[in-house]
Amino acid sequence: MAVRGVKPNSKERPQAAIMVAFVGLLALHTIEILAFAAVYRALQGWGVGGFDGSYDPCWSGLIYFSGVNFATLGYTQIEATGPIRMVNMMQSLGGFMVLTWSATFL
């Protein structure tokens, strides 16, 4: 709704409307990826699960995992273990739904 509210009228300025919508959606998706990375960090700290494979245990590793999981339905070299897998699955499903909706919105 925020993106729709700030984008210009598509009939008057179609190129500007598409660019504003694209950048706005990109910003929203980036925030979602960062939020899930923070959730993964918190869950790891609480001992709710972990990661195996080519996992780099730093903030950029969590952002990478979250971004790939969000955009590609979880195909990555990093494997989630324990109950954190459910969050992983829900992020994949949510990413698929939101990216599909975003393409339709554009």
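Helix 3 covers residues 59-72, and its 14 residues reach 20 Å from the first C-alpha to the last. That span is close to the 20 Å expected at 1.5 Å a residue. Keep in mind as you look around that this is a predicted model. The points below start with helix 3 and then move on to two residues of helix 4, N88 and L93.

**Helix 3 and its surroundings**
- The buried residues of helix 3 are G61, L62, F65, S66, G67, V68, N69 and F70.
- These buried residues pack against two helices, helix 2 (14-45) and helix 4 (84-105), and against two strands, strand 1 (50-53) and strand 2 (78-81).
- Just after helix 3 comes L73, a residue with a positive phi, near 60°.

**N88, a buried residue of helix 4**
- N88 sits in helix 4, and it counts as buried because its relative accessibility is 14%, with the cut-off for buried being under 20%.
- Leaving aside residues up to four places away in sequence, N88 touches Y40, F65, N69 and A80.
- Two of these contacts, F65 and N69, are also among the buried residues of helix 3.

**L93 and the nonpolar patch**
- L93 also has its place in helix 4, but it is partly exposed, with a relative accessible area of 41%.
- L93 helps to make a nonpolar surface patch of about 730 Å², together with L73, M86, M89, M90, F96 and M97.
- L73 in this patch is the residue you met earlier, the one that follows helix 3.

How values were computed
Residues numbered from 1 in each chain as written. Predicted model: local features only at pLDDT ≥ 70, side-chain atom pairs only at ≥ 80, totals over all residues. Heavy atoms only, no water. Helix = DSSP H or I, 4+ residues; strand = E, 2+ residues; numbered from the N terminus. Expected span 1.5 Å × (residues − 1). Buried < 20%, exposed > 50% of the residue type's maximum accessible area, 1.4 Å probe, protein only. Contact = heavy atoms within 4.5 Å. Patch = residues over 30% accessible without salt bridge, like charges linked within 9 Å, V, L, I, M, F, W, Y side chains within 5 Å. Areas by Shrake-Rupley, 256 points an atom, 1.4 Å probe, with all protein chains shown as cover. Salt bridge = Lys/Arg side-chain N within 4 Å of Asp/Glu carboxyl O.
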